[in-house]
Amino acid sequence: MPKVKKVLKNKWVYRIKQEEHTPHPRFKARLVVKGFGQRKGVDFDEIFSPMVKMTSIRMSLGLAASLNLEVEQMDVKTTFLHGDLEEEIYMEQPEGFLVKGKEDYVCRLKKSLYGLKQAPRQWYLKFDSVMGEQGYKRSSSDHCVYIAGKRMTSCRRG
């Protein structure tokens, strides 16, 4: 690992989710990077958190209703885990995954993890490229609204 790089710490976040129509709870674990230790210009350059404008949602639903268009909604599970990292970021080995004899080794991240300052931006860049490949065009008035023929989609983190 380069000496100028800082090793980020991480933690496991545990949650019990009780779904409305299921009798058994679901146990979830998520590995989160402690991104507050990141330094601008070293660990990240830009941050950006995409959110669709409320006026865009109202306008889209009004247009769809008046023109009898189809509106689609999708929820992307584990959104931030899809972003490709551009920077070199190192993290300690997660608790429970230490390799015997290699306790001083670190993990180099290639994909975003929750907690990284650039995770929302990297997810948006991936989403934008996939939407373009699917034939959608980004609206000039709202970077989170995509249009393809008679279909309209907006990006929203779940």
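Let me start with the span of helix α2. The 15 residues of α2 should cover 21 Å at 1.5 Å a residue, and the end C-alpha atoms are indeed 21 Å apart, which agrees. The expected span here is 1.5 Å times one less than the number of residues in the helix. Helices (H or I, at least four residues) and strands (E, at least two) are DSSP runs, numbered from the N terminus.

I should state the basis of these values. This is a predicted model, in which local features need pLDDT of at least 70 and side-chain atom pairs count only at pLDDT 80 or more, while totals for chains, interfaces and linings use all residues. Residues are numbered from 1 along each chain as its sequence is written, and side-chain values use heavy atoms, with hydrogens and water left out.

Which residues of α2 are buried? They are Ala 119, Pro 120, Arg 121, Gln 122, Trp 123, Tyr 124, Phe 127 and Met 131. Buried means under 20% relative accessible area, exposed means over 50%, and partly exposed lies in between, for a 1.4 Å probe and protein chains only. After the helix comes Gly 135, with a positive phi near 95 degrees.

I turn now to the charged pairs. Side chains of opposite charge can pair when their charged atoms come close. A salt bridge is counted when a side-chain nitrogen of Lys or Arg lies within 4 Å of a carboxyl oxygen of Asp or Glu. How many salt bridges does this rule give? The count is six.

One of them joins Glu 86 and Arg 121, at 3.9 Å from N to O. Glu 86 belongs to strand β5 and Arg 121 to helix α2 (residues 119-133), so this pair ties together parts 35 residues apart in sequence. Is each partner buried or exposed? Glu 86 is exposed, at 56% relative accessible area, whereas Arg 121 is buried, at 15%.

A second bridge involving α2 links Asp 128 to Arg 138, with the closest N and O atoms 2.8 Å apart. Because Asp 128 lies in α2 and Arg 138 in strand β7 (residues 137-138), the pair connects parts 10 residues apart in sequence. Both are partly exposed: Asp 128 at 22% and Arg 138 at 43%. In addition, salt bridges with shared partners join Asp 84, Lys 111 and Lys 126 into one network.

Finally, Glu 92 and Lys 9 form a salt bridge, with their closest N and O atoms 3.2 Å apart. Glu 92 sits in strand β5 (residues 84-92) and Lys 9 in the loop between β1 (7-8) and β2 (10-17), so the pair ties together parts 83 residues apart in sequence. Glu 92 is partly exposed at 32% relative accessibility, and Lys 9 is partly exposed at 47%.
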